[in-house]
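Open the model in a viewer and keep the selection panel at hand. The stops below go from a single peptide bond to whole chains.

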Amino acid sequence: MDLQYPLELAGTFVFAISGALAVRDREHDLFGAGFTGFITAIGGGSLRDILLGSYPLVWIGDVHVLYAIFGGILAAFFFQRFLLKLRKTMFLFDTLGIGFFTVLGVEKALSLGVSVEIAAIMGMFSAVMGGVLRDTLTNEIPILFRKEIYASACLTGAILYLVLNHFGLERDYNLLISMSVVISIRMIAVKYKLSLPSLD
Amino acid sequence: MDLQYPLELAGTFVFAISGALAVRDREHDLFGAGFTGFITAIGGGSLRDILLGSYPLVWIGDVHVLYAIFGGILAAFFFQRFLLKLRKTMFLFDTLGIGFFTVLGVEKALSLGVSVEIAAIMGMFSAVMGGVLRDTLTNEIPILFRKEIYASACLTGAILYLVLNHFGLERDYNLLISMSVVISIRMIAVKYKLSLPSLD
Amino acid sequence: MDLQYPLELAGTFVFAISGALAVRDREHDLFGAGFTGFITAIGGGSLRDILLGSYPLVWIGDVHVLYAIFGGILAAFFFQRFLLKLRKTMFLFDTLGIGFFTVLGVEKALSLGVSVEIAAIMGMFSAVMGGVLRDTLTNEIPILFRKEIYASACLTGAILYLVLNHFGLERDYNLLISMSVVISIRMIAVKYKLSLPSLD
């Protein structure tokens, strides 16, 4: 059974929710919240595909991806109180999302014939750039630049996928292992407030 | 007589003026003002065409569009006092601009064979993303996120155009009606300070 | 002997350093600094090529460009104290960088068959947009909007290159002259704190 497509839709759905709820504390109207959810959900994959010149973009070519986004935005509107109580659940979904999109981004880049270095970068971009765009639009410091390990977890997972792929590990195992590594690094980093050193 | 092309040039001209004058109160030099006018004028259409993979971009393929932008920037420089007294006139032009670019964006997207959902989004993006880029570059909160109805007026007009188009209304009437709806919503919203509710 | 390629790699290397060191005073970790260096190095050229629809992007198609970026980021990490003492040297390198990328951007645009107006704009975009993206991501006021002449030096050099090219000046001389003009304008502007007038 192929889990990739339903997982991709689920990841898109969750990213749209997290984007729409991100603007909650500010003076944004419902439309602004929906717009932010939209940008968050499409940002990473769109940037990856524009950089690689791969058309049509996923959400433009596949209306189901669009419905997943609209569904996420509507869920954010109708269940905001419930979802915000579930902050830990939302964090879990977001973390699942970046884990999955990292690996998906690497695979898509490889399928377009780029070098492994580019594939690793594209995996990370797919996962984090939606959030970076969201934060830039809402005048926040991009999540990338905040304390806990975030994008570096994605880059680590992307590189691991490429290494295991190089050594011939079967795709399904590789996908599972690399995703789990992204997710584990991120969760441990947040739980123990781990961060990389900074330039002093 | 075909009004589309002259109207497109006029809309581009007005967007360039509004972008160049937007940075007036800040410590920007003439070049920075011109640059901002340029980004405002090309932003929405460029983003639409990059997302759709439609090349060449309008302002790159048609030097008259470029001249309309330069004309707008020069007008902002030489007639700024006059134009700022005309603030209501400028608001009117900007509103005409978003009305027209919304419908134009929908039509361009449809002509490239995308779904109606994507066409509606592209209509709105064409109209508002130049202003969003302008505000992001100048560290303002994007116009999209401010109080009065703005992008949602464009999305409404885009959807209306698609509905009327679906029911076979002749293009010229449809263009006029849908544009008028965008413009009316925006003007009424500003006059009566109407805004959508926000997530609380 | 063809100096263009080594110079392009050197310019990319220096832009990566300047981007990585730009975030030094803030709460960015090593990864955030590297990410910013990366965006600074690829931003201008990538935007130019995406606007022109020219694929693959330089850093995606040529792994040596990628290595130049990684080298710059590593140099910023290991030699930051030394490099920051060399602030004047860094300024010199950045200025060499914008001079060279301006001319390179003009040439690339011309080779893709665009008009001279577009070629001039693309020369300037190649040189300055990496820095604009860096500043937008880190919530700084873009360098473009700060006091001293910056992007206008690049535009002047780009136009000069096109004029001299029109009158048949041999490419190597033209490249040298136009680069020198960009560099001279920028250095004189910083030394004497020259700026363009602003809209009042």
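Select Pro56(C) in this predicted model. Pro56(C) sits in a loop of chain C, with helix 2 (30-52) on one side and helix 3 (58-61) on the other. Add Tyr55(C) to the selection: the peptide bond that runs from Tyr55(C) to Pro56(C) is cis, and its omega is near -5 degrees.

Move to chain B and select Tyr55(B) together with Pro56(B). A cis peptide bond links the two, with omega about -5 degrees. Pro56(B) belongs to the loop between helix 2 and helix 3 of chain B.

**Annotated spans in chain A**

Colour residues 6-23, 30-51, 57-79, 118-137, 149-167 and 173-190 of chain A. An unreviewed UniProt entry annotates these residues as "transmembrane region". Two of the spans can be checked against the coordinates. Select residues 118-137 of chain A: the span is 100% helix and 0% strand. A distance drawn between its end C-alpha atoms reads 26 Å. Then select residues 173-190 of chain A, where the end C-alpha atoms lie 26 Å apart. This span, too, is 100% helix and 0% strand.

**Chain A against chain B**

Show chains A and B alone. How many residues of chain A are in contact with chain B? The contact involves 30 residues of chain A and 31 residues of chain B. About 2600 Å² of area is buried between chain A and chain B, and carbon and sulfur atoms give 70% of that area. Looking for salt bridges across the interface of chain A and chain B returns 0. Polar contacts across the interface of chain A and chain B come to 2 residue pairs, both at pLDDT 80 or more.

Now hide chain B and keep the side of chain A that touches it. The elements of chain A that give two or more residues to this side are helix 2 (30-52), helix 3 (58-61), helix 4 (63-78), helix 5 (80-85) and helix 7 (116-137). Helix 2 of chain A gives the most, with 9 residues. Colour the side of chain A that touches chain B by class: 19 residues are nonpolar, 7 polar and 4 charged.

**Chain B against chain C**

Show chains B and C. Here 30 residues from chain B and 31 residues from chain C make the contact. The area buried between chain B and chain C is about 2600 Å², with 70% from carbon and sulfur atoms. Between chain B and chain C there are 0 salt bridges, and 2 residue pairs are in polar contact, both at pLDDT 80 or more.

Which elements of chain B give two or more residues to the side that touches chain C? They are helix 2 (30-52), helix 3 (58-61), helix 4 (63-78), helix 5 (80-85) and helix 7 (116-137) of chain B. Of these, helix 2 of chain B gives the most, with 9 residues. The side of chain B that touches chain C divides into 19 nonpolar, 7 polar and 4 charged residues.

**Superposing the chains**

Lay chain A on chain B. The fit has an RMSD of 0.0 Å and takes a turn of 120 degrees with a shift of 0.0 Å along the axis. That is how chains around a three-fold axis are related. Next lay chain B on chain C: the turn is 120 degrees, the shift along the axis 0.0 Å and the RMSD 0.0 Å. The copies use different surfaces, as 13% of the contact residues of chain B recur in chain C.

For the last stop, select the interface residues of chain A and of chain B. Why do the copies meet through different surfaces? Only 13% of the interface residues of chain A are also interface residues in chain B, so different surfaces are used where the copies meet.

Key. Residues are numbered from 1 along each chain as its sequence is written. Chains are lettered from A and ligands numbered from 1 in the order in which they are written. This is a predicted model: local features need pLDDT of at least 70, side-chain atom pairs count only at pLDDT 80 or more; totals for chains, interfaces and linings use all residues. Side-chain values use heavy atoms; hydrogens and water are left out. UniProt positions are given in the numbering used here, feature names are shortened, and annotations may be inferred rather than shown by experiment. Helices (H or I, at least four residues) and strands (E, at least two) are DSSP runs, numbered from the N terminus. Contact means heavy atoms within 4.5 Å. Buried area is the accessible area (1.4 Å probe) that two parts lose on being put together, summed over both. A salt bridge is a side-chain nitrogen of Lys or Arg within 4 Å of a carboxyl oxygen of Asp or Glu. A polar contact is a pair of N or O atoms within 3.5 Å; within protein, one must be able to donate a hydrogen and the other to accept it, and residues adjacent in sequence count only if both atoms are side-chain atoms. Ala, Val, Leu, Ile, Met, Phe, Trp, Tyr, Cys and Pro count as nonpolar, Asp, Glu, Lys and Arg as charged, and the others, Gly among them, as polar. Copies are superposed by least squares on the C-alpha atoms of residues with pLDDT of at least 70 in both.
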